Amino acid sequence: MPVLVEYERLSHPGRVNSAPTPHTVSPIADGATVRTRGGANPALARIVSEFEGAGSGYLAACTGGLPPSSAVLAAQDDLALWRSGAATPLHYDAAVTRVRSAFARIAGVDPARVAIGSQTSAFVAMIAASVPDGAEVLCVDGDFSSVVFPFLQHERRGVRVRHVPLAALPDAVSDETWLVAYSLVQSATGEVADARSIRAAADRAGARVLCDATQAAGWLPLESWTADAIVCHTYKWLCAPRGVCLLAVDEDFARELIPVQAGWYAGDDPWASCYGPSAPLATDARRFDVSPAWQAMAGAAPALELFAETDIHAVFKHDVTLADALSEAVGTDARGSAIVTWHDPDREDLARMTAAGIVASGRAGRARVAFHVWNDESDLDRVLRALAR
Ligand SMILES: Cc1ncc(COP(=O)(O)O)c(C=O)c1O
């Protein structure tokens with residue numbers, strides 16, 4: 001029998017309710033249930049229909065999302081246009097504008113604060129280059145390397161990188177800390193950071209906050225006020241082609257950052273900035289742009305718009321209800337995350353799931369299962385049967 005559960009909590013542990021939410025998202029409809037295929041929750045009907053016929057047994061959004069049908073069509077159209085010779089560089093600016101503003105809605109910021117890029121590590125490297133000599137960067141022990149390694153490269157000029165467990169992050173912020181850099185959802189464990197407490201601790205210490213939302217945006221509502229910069233690669237939970245990464249950066253923090261990646265696309269007018277010796281850079285966050293990965297942008301525009309237009313609280317409830325049911329069955333403590341992980345040092349559970357036709361993953365000695373909008377109770381049931389739980 002498929003397991004059908006209701007998700008009672010409206011937010012994940014550690015959140016407080018006092019701070020403002022800067023973006024507009026509709027509240028979770030009371031009594032809404034996990035959808036069955038066909039869409040029990042009307043708020044999810046459109047997004048579910050975009051994955052019609054796809055995703056059964058695919059429990060790996062944390063590795064890479066599946067494309068919604070609108071993204072598949074847009075990518076196919078773009079290939080045809082490219083083949084016809086009509087896909088001029090200028091033509092792709094429309095997709096870039098759509099991506100920038102859709103992500104702005106997802107992050108709850110003004111589009112003028114969003115820069116486009118292609119990898120998390122490259123944006124983090126730009127921020128790392130702006131850390132003052134000798135300053136401290138506080139990281140999470142075991143965090144994804146793209147949000148850690150760029151800082152380590154500056155140790156030669158005295159930048160100090162301190163690694164602490166995720167739960168200890170707020171208490172570890174000190175007067176020495178210039179920047180706290182962390183993933184909102186941990187890739188290896190699925191743990192959700194306490195973004196509000198991290199912000200409060202950073203404010204007390206006068207530190208900046210960089211949040212990597214790659215494993216969060218698309219299922220966890222973002223609160224832009226909790227970070228000075230949010231970086232997000234969109235190929236996982238936002239279901240875009242790989243190669244579209246965004247940086248939402250606070251204006252004040254942006255003034256402290258050197259656009260070390262600046263090229264023609266960072267120019268005030270990119271089409272007048274193609275050659276040296278120099279040209280003025282954009283005054284808004286576009287000065288941190290790198291030139292777009294055109295074909296990826298074509299598919300990313302409808303994918304990001306789909307998520308921007310979907311009630312993210314309903315996605316949260318759907319994904320986490322399924323995930324929490326699995327957490328309970330496998331006996332993990334973690335709750336409130338769309339990513340469920342447990343000790344699987346010999347990869348035996350992962351092998352069981354793979355043998356049952358499930359696409360899951362394993363990281364850092366843990367089995368990892370992710371639930372997203374294309375999944376339903378039948379996927380949960382399939383995992384439980386594969387694990388004989
Ligand atoms: C938290 C997190 N950030 C970023 C990435 C991707 O990094 P990059 O964009 O540098 O390839 C991943 C991929 O697994 C991730 O889990």
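Two residues are in contact here if their C-beta atoms, placed from the backbone, lie within 7 Å. By that rule, and leaving aside neighbours within four places in sequence, Ile230 is in contact with Ala107, Cys211, Ala213, Leu222, Ser224 and Ala248. Keep Ile230 in view; the core comes back to it. The model is predicted.

Start with confidence. Mean pLDDT for the protein chain is 91. A score of at least 70 is reached by 90% of the residues. The weak stretch is residues 1-35, where pLDDT stays under 50. The model still has 65 contacts for this stretch beyond four places in sequence. Where pLDDT is low, the predicted coordinates should not be read in detail.

Now the overall build. The protein chain has 389 residues, and 51% of them count as buried. It holds 12 helices and 10 strands. Take the contacts between residues at least 6 apart in sequence: 71% of these join residues at least 24 apart.

Next, the core. The largest nonpolar core has 122 residues. Ile230 is among those with the most contacts inside it, alongside Val99, Val180, Leu247 and Leu304. Domain 1 (42-68 + 311-386) and domain 2 (88-308) both give residues to this core, so it lies between them.

Ile230 belongs to strand E6 (229-233). Go back along the chain into the loop between strand E5 (208-212) and E6, and you reach Ala217. Ala217 counts as buried because it has 26 C-beta neighbours inside 10 Å, and 20 are enough. Beyond four places in sequence, Ala217 touches Ile106, Leu222, Cys232, Trp237 and Leu238. Leu222 is also a contact of Ile230. Val185 is 32 residues from Ala217 along the chain, yet their C-alpha atoms are separated by 9.4 Å.

On the other side of E6 comes another loop, running to strand E7 (245-249), and Cys239 lies in it. Its backbone deserves a look. Cys239 has a positive phi of about 60 degrees although it is not a glycine. The residue is buried, since 29 C-beta neighbours fall inside 10 Å.

Move to Leu59, in the loop between helix H1 (45-49) and helix H2 (69-84). Leu59 counts as buried because 28 C-beta neighbours lie inside 10 Å. Its contacts reach far along the chain. Not counting residues up to four places away, Leu59 touches Ile358, Val359, Ala360, Val369, Ala370, Phe371, Asn375, Asp379 and Val383. Trp374 is 315 residues away in sequence, but C-alpha to C-alpha the separation from Leu59 is 9.2 Å. The domain 1 segments 42-68 and 311-386 hold these residues.

Ala364 sits in that second segment. Its place is the loop between strand E9 (361-363) and strand E10 (366-370). Here too phi is positive in a residue other than glycine, near 50 degrees. Ala364 counts as partly exposed, because 13 C-beta neighbours lie inside 10 Å and the exposed class stops at 12.

Now find the ligand. A shell of 13 residues surrounds it. The closest are Thr120, Ser121, Ser146, Ser187 and Thr214. By class, the shell divides into 9 polar, 3 nonpolar and 1 charged.

Helix H4 spans residues 120-128 and includes Ala122. With 17 C-beta neighbours inside 10 Å, Ala122 is partly exposed. Ala122 touches Gly117 and Gln261, leaving out residues up to four places away in sequence. Pro150 lies 28 residues from Ala122 in sequence and 8.2 Å in space, C-alpha to C-alpha.

Follow the Gln261 contact. Gln261 is found in the loop between H8 and H9. Partly exposed, this residue has 19 other C-beta atoms within 10 Å; the buried class needs 20 or more. Beyond four places in sequence, Gln261 is in contact with Ala122, Met126 and Val290. Its C-alpha atom is 9.8 Å from that of Ser291, 30 residues away along the chain.

One backbone feature remains. Pro277 is placed in the loop between helix H8 (251-254) and helix H9 (294-309). A cis peptide bond joins Gly276 to Pro277, with omega about 10 degrees.

Conventions: Residues numbered from 1 in each chain as written. Predicted model: local features only at pLDDT ≥ 70, side-chain atom pairs only at ≥ 80, totals over all residues. Core = buried A, V, L, I, M, F, W, Y, C linked by C-beta atoms within 7 Å. Domains from an automatic or database assignment. pLDDT = per-residue confidence, 0-100. Near = placed C-beta within 6 Å. Nonpolar A, V, L, I, M, F, W, Y, C, P; charged D, E, K, R; others polar. Helix = DSSP H or I, 4+ residues; strand = E, 2+ residues; numbered from the N terminus.
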